[in-house]
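Colleague: I've got this model open on my screen and I'd like to walk through it with you. Can we start with the sheets and then look at the holes inside?

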Amino acid sequence: MAEFVLGIDIGTASSKAVMASLGGDVIAVEVVEHETQRPRPGWVEQDADAVWWADVCALSRRMTTRFPAASIGAVCVSGIGPTALVAGADGAPLRPAVLYGVDTRAVGQAAALSSLLGEDEVLARCGSRLSSQSAGPKLAWIRENEPDVWARTRYFFMANGYVVYRLTGEYVLDHHSANQAQPLYDRVRGEWIPEWADAVAPGLALPSLRWPTDIAGEVTAEAAAATGLREGTPVAVGTIDAWAEAESVDVRRPGDVMIMYGSTMFFIAVTSSPVAHPQLWGTVGQHPGLHTLAGGMASSGSITGWFRDLTGGRPYPELLAEAAAVPAGSDGLLALPYFDGERTPFADPDARGVLAGLSLRHGAGHVYRALLEATAFGVRHNLAEFAAAGVEAERVVAVGGGTQGDLWTGIVSSAAGVTQEVPAVTVGAAYGDAKFAAVAIGAAARDDAWNGGGVTVAPDPADAAVYDRLFPLYRELHERTVEVQHVLARGGVGGGG
């Protein structure tokens, strides 16, 4: 008899599984780490079999050694996205998956498609302008640069779609993920755009469209042998990780905003109707009738990881303690967080990080705090664009690994002028997947709130006053250095770029 539901999320640096009761209690959590390849500047890839499928198999087997497979009523998988994975007639990947906006190889294809289809028309039909975040230009890049691969391409997958295919043999994709395959999907009509699909990916059969809580199929005998799951277990369609995480913290009402603290910073605002903004991403939500406006910074937690490695792998608690001892404003140190380019509120793959105001009195704590403050100013910049689109944050929920401890969230609240809720359960998108699975089999209702309690983080008035004075300088620092950033990013002075 079914007692549990299993949610699995495939992330940038690791994958996580959550076993939950049918009422939403977290019963067990398992994590596996994996590698992400950066074979060339601007290229970010993952091996779908060695990472996505291998992680799902490993995590499923860990769970089924702890709990009888027969006790799992359904499974659901989410993953990083939008991604572009192409596969042959047998469903086997033909090359590594091209990842989301951190992979910037297809900016030329995005520009060419915008010119061909009309920038404003794409924004109106798809909800977003084409950029490095869009999956459509990534497919066009593969077609133009790897014609031998494209000639053998029969399937197009995102992470959740590929795992569903391996588990059930069904070729499906959820509406939200499809919406991030701009310019292939019309978010107003809720369907593929055949004439634009022919312009981007001629001859490619696109997957059937479903919603995350729809049942895609059942675990096959072959998949059961690989994962330890029971043959016949229902598999929900799932979606992109950030929207599964939004589900995990009950962000699904107009005025709700989620800030996700991870390797990258991500924002989802729920709206009552479709909203389009040239610098942000308008999409359908995780349920029928739900609309969202989203944005994402290209680097945030990845910057703190870079600095930790640069300082000899010092423990995060040690670095955080030093940063907490530094006053707001980092004693005159100001940083820009564009270490990996930027996605929103401006699409610029050649933007780069800057550290201004350095002196001999500054130490590791100053630099670490300045980097946290840089990401906080990025949050403020993005939320200002949300407000410009008419989307005000009435309830802000903070999620992700960066919410552990109160320094980073406190800096963001003070810099951005928002009070954040940090829910009681912060295990991430896999918990949202577990809820999707429960809804799919009728064990839970869409409007059930699984995740209550937690704490709130309010702005510190004194720190907020400092950040109000610094934010205009943050913006000016970018404006005054952007051309230098571009020259250095493009190798204009030698040295590789």
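Colleague: In what order do the strands of the open sheet of 7 strands run?

Modeller: Bear in mind that this is a predicted model. The pairing in that sheet is mixed, and the sheet is open. Reading across, the order is β17-β18-β16-β15-β21-β22-β23.

Colleague: Why is one side of β17 and of β23 left without a neighbour in the sheet?

Modeller: β17 (281-284) and β23 (455-457) are the edge strands. One side of each has no neighbour in the sheet because each has a single partner strand. As for the twist from one strand to the next, the average is 30°.

Colleague: Let's zoom in on β15 and β16. Which residue in β16 does Met260 stand opposite?

Modeller: Strand β15 covers residues 256-261 and strand β16 covers 265-271; the two run antiparallel and are joined by 5 bridges. Across from Met260, in β16, you'll find Phe266.

Colleague: And which helix lies across β15, β16 and β18?

Modeller: Look for the helix at residues 364-388, running at about 25° to β16. β18 in this case is 291-296. The helix you want is α13.

Colleague: Which residues does the UniProt annotation "domain: Carbohydrate kinase FGGY C-terminal" cover?

Modeller: That label comes from an unreviewed UniProt entry. In the model, the annotated span is 36% helix and 19% strand, with its end C-alpha atoms 24 Å apart. The record gives residues 258-440.

Colleague: Where does UniProt place "domain: Carbohydrate kinase FGGY N-terminal"?

Modeller: Again, the entry is unreviewed. The end C-alpha atoms of that span lie 20 Å apart, and the span is 36% helix and 24% strand. UniProt puts the feature at residues 5-242.

Colleague: On to the open sheet of 6 strands: which strands stand at the edges?

Modeller: The order there is β3-β2-β1-β5-β14-β13, and the pairing is mixed. Each edge strand has a single partner strand, so one side of each is left without a neighbour in the sheet. Here the twist from strand to strand averages 20°. The edge strands are β3 (26-33) and β13 (215-218).

Colleague: How many bridges join β1 to β2?

Modeller: β1 is residues 4-10, β2 is residues 14-21, and they run antiparallel. One pair to click on is Val5, which stands opposite Ala20 in β2. The bridges joining these strands number 7.

Colleague: Which helix packs on the sheet touching β1, β5, β13 and β14?

Modeller: Helix α1 (residues 48-66) packs on the sheet too, but its contacts are β1, β2, β3 and β5 (72-79). The one you're after spans residues 159-168, and its direction makes about 145° with that of β5. That's helix α6.

Colleague: Now the holes. What volume does the largest cavity have?

Modeller: There are 2 cavities of 30 Å³ or more in the structure. The lining of the largest one includes Arg129, Gln180 and Trp281, and by class it has 2 nonpolar, 6 polar and 1 charged residues. Its volume is about 40 Å³.

Colleague: Which strands each supply at least two residues of the lining of the second largest cavity?

Modeller: This cavity has a volume of about 30 Å³, and its lining divides into 7 nonpolar, 1 polar and no charged residues. Among the lining residues are Phe156, Phe157, Val172 and Leu173. The strands supplying at least two residues each are β8 (155-157) and β9 (172-174).

Definitions and conventions:
Residues are numbered from 1 along each chain as its sequence is written. This is a predicted model: local features need pLDDT of at least 70, side-chain atom pairs count only at pLDDT 80 or more; totals for chains, interfaces and linings use all residues. Side-chain values use heavy atoms; hydrogens and water are left out. On a 1 Å grid over the protein atoms alone, a cavity is a set of points where a 1.4 Å probe fits but cannot get out, and a pocket is an open set with protein on both sides within 12 Å along at least five of seven lines; lining residues have an atom within 4 Å of a point. Grid points are joined across faces, edges and corners, and a volume is the space filled by probe spheres set on the points. Ala, Val, Leu, Ile, Met, Phe, Trp, Tyr, Cys and Pro count as nonpolar, Asp, Glu, Lys and Arg as charged, and the others, Gly among them, as polar. Helices (H or I, at least four residues) and strands (E, at least two) are DSSP runs, numbered from the N terminus. UniProt positions are given in the numbering used here, feature names are shortened, and annotations may be inferred rather than shown by experiment. Two strands pair if DSSP finds at least two bridges between them. Axes are lines fitted to C-alpha atoms, for helices over the stretch in contact, and angles run from 0 to 180 degrees between N-to-C directions. Contact means heavy atoms within 4.5 Å.
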